[in-house]
Amino acid sequence: MFAPLGLFKDIPCPQGKGCCLLGCIFSHRNLTSVSKDFSTVDTKAPELGEISEPASKRFKLEPAPEDKDLPKKVSPQALNGRSSSLRSTPTKKPEATVTKTGDARLVSRQEPANLKVAPIKRVASTAESPGSSLPPRSAPKESLNPRMLPKAPATYNARTAILKKLHSTLCVLNAKLAKDKANKDKSLILTPDELITMALDEEEKVAKENPTIYSNIVKLRIVKLSKLNQEDWAKELKEYLNKKYFKLETNKAPKAPQAFKTGLSVEEELAIATKLVTPLQGLEKYGYVTKAPTAEEVETARKGVLGSGGWEKCDRCGGRFQVFPGRREDGSLTTGGPCTHHPGKSFYPPKKKTDHVTGAREAYFTCCNETLGTSPGCTKGETHVFKVSETKRLASILQFEETPENPDKGHTSPVCFDCEMGYTTLGLELIRMTVVSWPGGETILDVLVRPIGEVLDLNSRFSGVFPEHYTKALPYGTPTPKESSTLLNKPGSEPPPLQVVESPAAARALLFELLQPTTPLIGHAIDNDLNACRIIHPTVIDTAILYPHPAGGFPYRMSLRTLSKKHLDRDIQTGGNQGHDSKEDAIATGDLVRAKAAELWKTLKARGWTIADGTLWPPTGQDDAGAFPQLKLGQGAGQKRDRSTKEQ
């Protein structure tokens, strides 16, 4: 006998409201809640006006082939010997229909045709109530028992206990929402069936996706739900309802960024930008390279790598593993199997005055909202990965070079610069480089880069570079097809394929053609981009220094996404798992510099500074010493802490 597993949950029960089974596998959704047993069925015709609800009709089934001789209509007296639960009266007897299904016989009562029935008033569900922002929905009728899985993560009793606790937590949140008079959207109030379904859905999802740490994740979820306020619960609930019942898109398409305006002319912005250049001397301990390592240092680094036997520390989970550049004899690139980690950063909620009463909120990961230290991770990577931060070891892979003098070529005005990196057997390598003009934001260079080592992970979640980009890429210098440029601005059209260069050294050579040593190079946390390209550039404008972290500057840095939202009112990096767009990031970085230039100009103009012939002039009898104290905010403050650089 096979297990039904809900195969008949949408089929009406053949017994109708006369079904006596407690766990019937058929649907009783559309039947009235009042059911009569066969033993109490009265065939007496009711008087006019006695019935206040419509008589239910039972489904008639075709007779089985072996029952062809069975009469279709018989009187209750004829059935007296077959069913002792039926009784007849001397009053007018309605006709009954008998049909055989297996060993059971169904009897349906024919009500008199002239019987008048009082209509029943239909009560709208919560999803159809006034003020609802969601369409009507219908939840299946399920019991509070764990759903059957091919491989259960825990025993039935353990799953049942967890499920009941989860369900009770959801009921408490639902009750609070129902009592909230400020809530005008009554569609968010769940019915009992919807609460059970929601609990079953959440428990089943964790059981399938994380069977090894099933208990911990569900318990953390229950704790998080118990601490949710009404606003956060409403957001989560609406997202769940959309996904479960309506299949609506919860995330609206990001609005197109509007052109940023400072009120300054291009000449004025260029003049002020020369005063925003940040000297990098003294920032070497935070990752900024101002001098190329010597040959002796490079050789020492190479010997150290050979002596380590390929053992590295995973940049994601922190575990130790072995890497084999050029592949091992069996074709492996790494050891250690898959990497379980949290792709999101740890977030520490800001302190509140009520923390001494309610207790401080625990830090959690932004990717899955799990509390720090409670689980090894929510995401699995195919392999462990690592990155190299030591300058001399970076130079052992590709030596650093200073920007050469380029009097015949190169831009004298600033350019914005952003790179994307992926993990290889040599660490974190350059895989995409983008350069745009400033302040215009027009693309000057945008190429894919083939790394030196074998690829372990393109880091697509952040880099936005996928294997298909390399598959469709054209060799650098290939003319772009005319049809690609024609369809570029049409909605729904795919962007033209990128061009690819064969090595990071080739990409660096292309960048050198666009620069002079005096060209301001704009970037956010630009040390990461410069180190990936192995470039030493003396003239940079780093927005991570222009906009220091509130905690006191280095080693902490504000993220580009946060700065863009705060100072430009622009949402960037909204692609989710599709990753970042280096062109979008480069333009946002340039606009942040423009915003800082406009802010600086207000201060200088009030002090009597002027702009003439593209040059910024101080008031008569004064010099520019001490006129730009804000440029040092990102420095010095880092002396308080000597930790690795962090970005929040």
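Start by selecting strand S12, residues 427–437: ten of its eleven residues are buried, so the strand is mostly covered. Note before going on that this is a predicted model.

**The strands beside S12**

Add strand S11, residues 415–424, to the selection. S11 and S12 run antiparallel and are joined by ten bridges. The two strands make a hairpin, with two residues between them. To find one end of the pairing, pick Thr424, which stands opposite Gly427 in S12.

Next add strand S13, residues 443–449. Its pairing with S12 is also in the antiparallel sense, here over five bridges. S12 and S13 form a hairpin as well, with five residues between them. In that turn, select Gly441, whose phi is positive, at about 85°. Then go back to S12 and pick Arg432, which has Leu448 of S13 opposite.

**From Arg432 to Asp581**

Keep Arg432 and show its side chain. Which residue does the side chain of Arg432 meet in a salt bridge? The partner is Asp581, at 3.6 Å from N to O. Arg432 belongs to strand S12, whereas Asp581 sits in the loop between helix H15 (560–568) and H16, so this pair ties together parts that are 149 residues apart in sequence. The two ends differ in cover: Arg432 counts as buried at 9% relative accessibility, while Asp581 is partly exposed, with a relative accessible area of 33%.

**Helices H16 and H5**

Move on to helix H16, residues 582–606, and select Arg594. Arg594 forms a salt bridge with Glu269, with 3.3 Å between the closest N and O atoms. Glu269 lies in helix H5 (residues 266–273), so the bridge ties together parts that are 325 residues apart in sequence. Are these two residues buried or exposed? Both Glu269 and Arg594 are buried.

**Helices H3 and H4**

Now select helix H3, residues 214–226. Its 13 residues reach 19 Å from the first C-alpha to the last, close to the 18 Å expected at 1.5 Å a residue. Colour Tyr214, Ile217, Val218, Ile222 and Leu225, which are buried. These residues cover an arc of only 140° around the axis, so they are on the same side of H3.

Within H3, pick Arg221 and look for its salt bridge to Glu236, at 2.8 Å from N to O. Glu236 is in helix H4 (residues 230–246), 15 residues apart from Arg221. Both ends are partly exposed: the relative accessible area is 22% for Glu236 and 21% for Arg221.

**A salt-bridge network**

Select Glu142, Arg147, Asp201, Glu204 and Lys208 together; salt bridges link these residues in a network. Side chains of opposite charge can pair when their charged atoms come close. The structure holds 24 salt bridges.

**Pro496**

For the last local stop, go to Pro496, in the loop between helix H11 (482–487) and strand S16 (499–501). Pro496 is partly exposed, with a relative accessible area of 27%. A distance label from its C-alpha to that of Leu474 should read 10.0 Å; the two residues are 22 apart along the chain.

**The whole chain**

Clear the selection and show everything. The chain has 16 helices and 23 strands. Of its 648 residues, 40% count as buried. Among contacts between residues at least 6 apart in sequence, 66% join residues at least 24 apart. The accessible surface comes to about 37,700 Å², and carbon and sulfur atoms account for 54% of that.

Key
Residues are numbered from 1 along each chain as its sequence is written. This is a predicted model: local features need pLDDT of at least 70, side-chain atom pairs count only at pLDDT 80 or more; totals for chains, interfaces and linings use all residues. Side-chain values use heavy atoms; hydrogens and water are left out. Helices (H or I, at least four residues) and strands (E, at least two) are DSSP runs, numbered from the N terminus. Buried means under 20% relative accessible area, exposed over 50%, partly exposed in between (1.4 Å probe, protein chains only). The expected span of a helix is 1.5 Å times one less than its number of residues. The arc is that of the directions from the helix axis to the C-beta atoms. A salt bridge is a side-chain nitrogen of Lys or Arg within 4 Å of a carboxyl oxygen of Asp or Glu. Contact means heavy atoms within 4.5 Å. Accessible areas come from the Shrake-Rupley method with a 1.4 Å probe; for residues, only the protein chains shown count as cover. Two strands pair if DSSP finds at least two bridges between them.
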